[in-house]
Amino acid sequence: MGYKLELVSTINRLEWMKAHYDLKDIIFIGDGIFDYIAMKKVGYSIVTNNGDIQTKKYANYVTKRCGGDRAVAEAVMHILNKFFAGFDYNKDLSSEDISGEWAK
């Protein structure tokens, strides 16, 4: 797809985010033992149901699903419902409403 990837260690993640974005504009999804460090500082945070206990304390939303069981899809739907006015999860999508492989 041609997207440039930048790998950032857990310890340097918060500094990297500060250098590239306004922290209040970040939605952070994590589950690891040190993810709470970023979750305390960003605008909104999500953790998977089987995420670290400490991390769950700082999350704005905990998914009902565990990582590996469509937790990210659940988190995306939560983000769409919470932050995008007019999004209707229950609306039937036609092929004209979507693009890419899903439309085939």
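**View 1. Phe83, a partly exposed residue of helix α4.** In this predicted model, Phe83 has a relative accessibility of 39% and therefore counts as partly exposed, since that class lies between under 20% for buried and over 50% for exposed. Phe83 belongs to helix α4.

**View 2. A nonpolar patch on the surface that includes Phe83.** Five residues are shown: Ile27, Ile29, Phe83, Phe84 and Phe87. Together they make a nonpolar surface patch of about 420 Å². Of these residues, Phe83 is placed in α4.

**View 3. Helix α4 from end to end.** The helix covers residues 71-83. It is built from 13 residues, and the distance from its first C-alpha to its last is 18 Å. This is close to the 18 Å expected at 1.5 Å a residue.

**View 4. The buried face of α4.** Ala71, Glu74, Ala75, His78 and Ile79 are the buried residues of this helix. Viewed down the axis of α4, they fall within an arc of 140°, so they line one face of the helix. Against these buried residues pack three strands: β1 (27-30), β2 (44-47) and β3 (61-62).

**View 5. His78 and its contacts.** His78 sits in α4 and is one of the buried residues of that helix. Its relative accessible area is 17%, so His78 counts as buried, the limit being under 20%. Apart from neighbours within four places in sequence, His78 is in contact with Tyr44, Ile46 and Tyr61.

Notes: Residues are numbered from 1 along each chain as its sequence is written. This is a predicted model: local features need pLDDT of at least 70, side-chain atom pairs count only at pLDDT 80 or more; totals for chains, interfaces and linings use all residues. Side-chain values use heavy atoms; hydrogens and water are left out. Helices (H or I, at least four residues) and strands (E, at least two) are DSSP runs, numbered from the N terminus. Buried means under 20% relative accessible area, exposed over 50%, partly exposed in between (1.4 Å probe, protein chains only). Contact means heavy atoms within 4.5 Å. The expected span of a helix is 1.5 Å times one less than its number of residues. The arc is that of the directions from the helix axis to the C-beta atoms. Patches are made of residues with over 30% relative accessible area and no salt bridge: like charges are joined within 9 Å, nonpolar side chains (Val, Leu, Ile, Met, Phe, Trp, Tyr) within 5 Å. Accessible areas come from the Shrake-Rupley method with a 1.4 Å probe; for residues, only the protein chains shown count as cover. A salt bridge is a side-chain nitrogen of Lys or Arg within 4 Å of a carboxyl oxygen of Asp or Glu.
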